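Trainee: I would like to learn how to read a helix and its packing in a model such as this one. Could we go through the features one at a time?

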Amino acid sequence: MRAITTSGILGKGPGNSVERDELSQAYSDLIFAVIVEELGLLPASIVVLCYFWLLLRTFRIAQKCTDLFHSLLVVGLGILIVSQALFNIMVAVDMAPITGQTLPFISRGGTSIIVNCIYLGIILHISHYVNQQQNSSNNAATQAA
C-alpha cells in the first residue's frame, strides 16, 4: 500500500521503485503495486481498463454464439481471468489478504501464464468459430438472393 501512496500520478519512473526491494513477492503477487509506484496511476488505470475490456469482449463473443455451451464457456473463462486480476489488485491495495494469485499476463509465473494463455486461446478459437459461422451464413444468404 505504501508503494501506491508514494507513487503519485506520474510515478517514480521505470526501475526507480523503492518498495520493490522490500516487498516479498514483488514480481508475482504484488506486481500491481510495483506498476503503480514506477509508472503512476494513469498506466495502472489503463491496466485495470484492459481487464474490463477483456471481460466486455468475452461478453460480446458470448452474445454472438449460437450454442449455449460455447457462450457459457467464453463468459466463464473471461470471468476467471478478470476475477484473478481483481483479487491481485485488491491484495496490492490492502483490500484483501495475500492469496498468491498472480496478475494474469503480467506477473512472473510459469503455470499461471500457461493456464491463462490456454484460457485466452480457447476464447479466441470460439470467437474464430463464431465468425466463420456468421460469414458462411452471410455468403449463403447472398448466393440465395
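Trainee: Which residues of H3 are buried?

Mentor: In an α-helix there are 3.6 residues a turn, so residues three or four places apart point the same way. Here the buried residues of H3 (buried means under 20% relative accessible area, exposed over 50% and partly exposed in between, with a 1.4 Å probe and protein chains only) are Ala44, Val47, Tyr51, Leu54, Leu55, Thr58, Ile61 and Ala62. This is a predicted model, in which local features need pLDDT of at least 70 and side-chain atom pairs count only at pLDDT 80 or more, while totals for chains, interfaces and linings use all residues. Residues are numbered from 1 along each chain as its sequence is written, and side-chain values use heavy atoms, with hydrogens and water left out.

Trainee: What do the buried residues of H3 pack against?

Mentor: They pack against helix H2 (31–39), helix H4 (68–92) and helix H5 (110–144), where helices are DSSP runs of H or I with at least four residues, strands are runs of E with at least two, and both are numbered from the N terminus.

Trainee: How should I describe the way H3 and H4 pack?

Mentor: Two packed helices are described by the angle between their axes and the distance between the axes. For H3 and H4 the angle is about 170° and the axes lie 8 Å apart; axes are lines fitted to C-alpha atoms, for helices over the stretch in contact, and angles run from 0 to 180 degrees between N-to-C directions. The two helices are therefore roughly antiparallel to each other, given that angles under 35 degrees count as roughly parallel, over 145 as roughly antiparallel, 65 to 115 as roughly perpendicular and the rest as oblique.

Trainee: Which residues meet there?

Mentor: With contact taken as heavy atoms within 4.5 Å, the residues of H3 that meet H4 include Val48, Phe52 and Phe59, and those on the H4 side include Val74, Gly78 and Ile89.

Trainee: How many disulfides does the structure hold?

Mentor: A disulfide is a covalent bond between the sulfur atoms of two cysteines. This structure holds 0, where the criterion is a pair of cysteine sulfur atoms within 2.5 Å. Cysteine 65 is buried at 12% relative accessible area, whereas cysteine 117 is partly exposed at 42%.

Trainee: What is the secondary structure of the whole protein?

Mentor: The protein has 5 helices and 0 strands, and 36% of its 145 residues are buried.
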